[in-house]
Amino acid sequence: MTSSAYTESLKALAKAADALENAEYNLKGGFIAATANRAYYVCYYCIIALLYSQDVYAKTHQGARAKFSELFIKTSIFPVEISDSIAMLFDYRQEADYDLDEDITQEEAAILIRKANEFYQLTKAYFQQFGQGATN
């Protein structure tokens with residue numbers, strides 16, 4: 001991994017950590033739609049960090065998710081269940097952001113945070129195995 005790719009990956013991981021903290025804060029405050037949004041962005045920033053590690057820069061969320069699947073799921077670097085979690089987080093984020101009748105429960109939002117945190121921890125472990133882990 002080039003030093004610039006590593007630097008960009010660390011920036012994206014820092015944004016993922018911030019999004020996770022925001023999601024937890026929003027859940028405690030009862031801001032369920034904001035929780036769903038931030039939980040998804042934890043995963044999005046993790047995906048971006050992982051793609052940067054491969055010198056891949058996606059222009060869209062769909063492109064990032066597709067490239068992540070190609071490089072990290074199909075190669076068994078990450079378990080296929082992660083792909084299911086990301087899809088679920090994306091769907092909930094879409095509902096939270098665009099459905100005027102969104103009715104995500106507190107319990108569902110807590111599950112979203114748990115899934116986002118699982119992916120964040122796996123992403124950090126991925127970088128740590130190369131001696132290039134996040135400090136959070």
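**Burial, cysteines and compactness in a predicted model**

Q: What makes Cys 46 count as buried?
A: Cys 46 has 0% relative accessibility, and buried means under 20% relative accessible area, with exposed over 50% and partly exposed in between (1.4 Å probe, protein chains only); Cys 46 is therefore buried. This is a predicted model, in which local features need pLDDT of at least 70, side-chain atom pairs count only at pLDDT 80 or more, and totals for chains, interfaces and linings use all residues. Residues are numbered from 1 along each chain as its sequence is written, and side-chain values use heavy atoms, leaving out hydrogens and water.

Q: Why is Cys 43 called buried?
A: The relative accessible area of Cys 43 is 1%, so Cys 43 falls in the buried class. Of the 136 residues in the protein chain, 43% are buried.

Q: How do you know that Cys 46 has no bond to Cys 43?
A: A disulfide is a pair of cysteine sulfur atoms within 2.5 Å. The closest cysteine sulfur to that of Cys 46 belongs to Cys 43 and is 6.2 Å away, which is too far for a bond. The count by this rule is zero disulfides.

Q: What is the helix and strand content of the protein chain?
A: The protein chain has five helices and zero strands, where helices (H or I, at least four residues) and strands (E, at least two) are DSSP runs numbered from the N terminus.

Q: Why is the protein chain called as compact as a globular protein of that length?
A: Its radius of gyration, taken over C-alpha atoms, is 14 Å, close to the 14 Å from the globule rule for 136 residues, so the chain is as compact as a globular protein of that length. The globule rule is 2.2 Å times the number of residues to the power 0.38.
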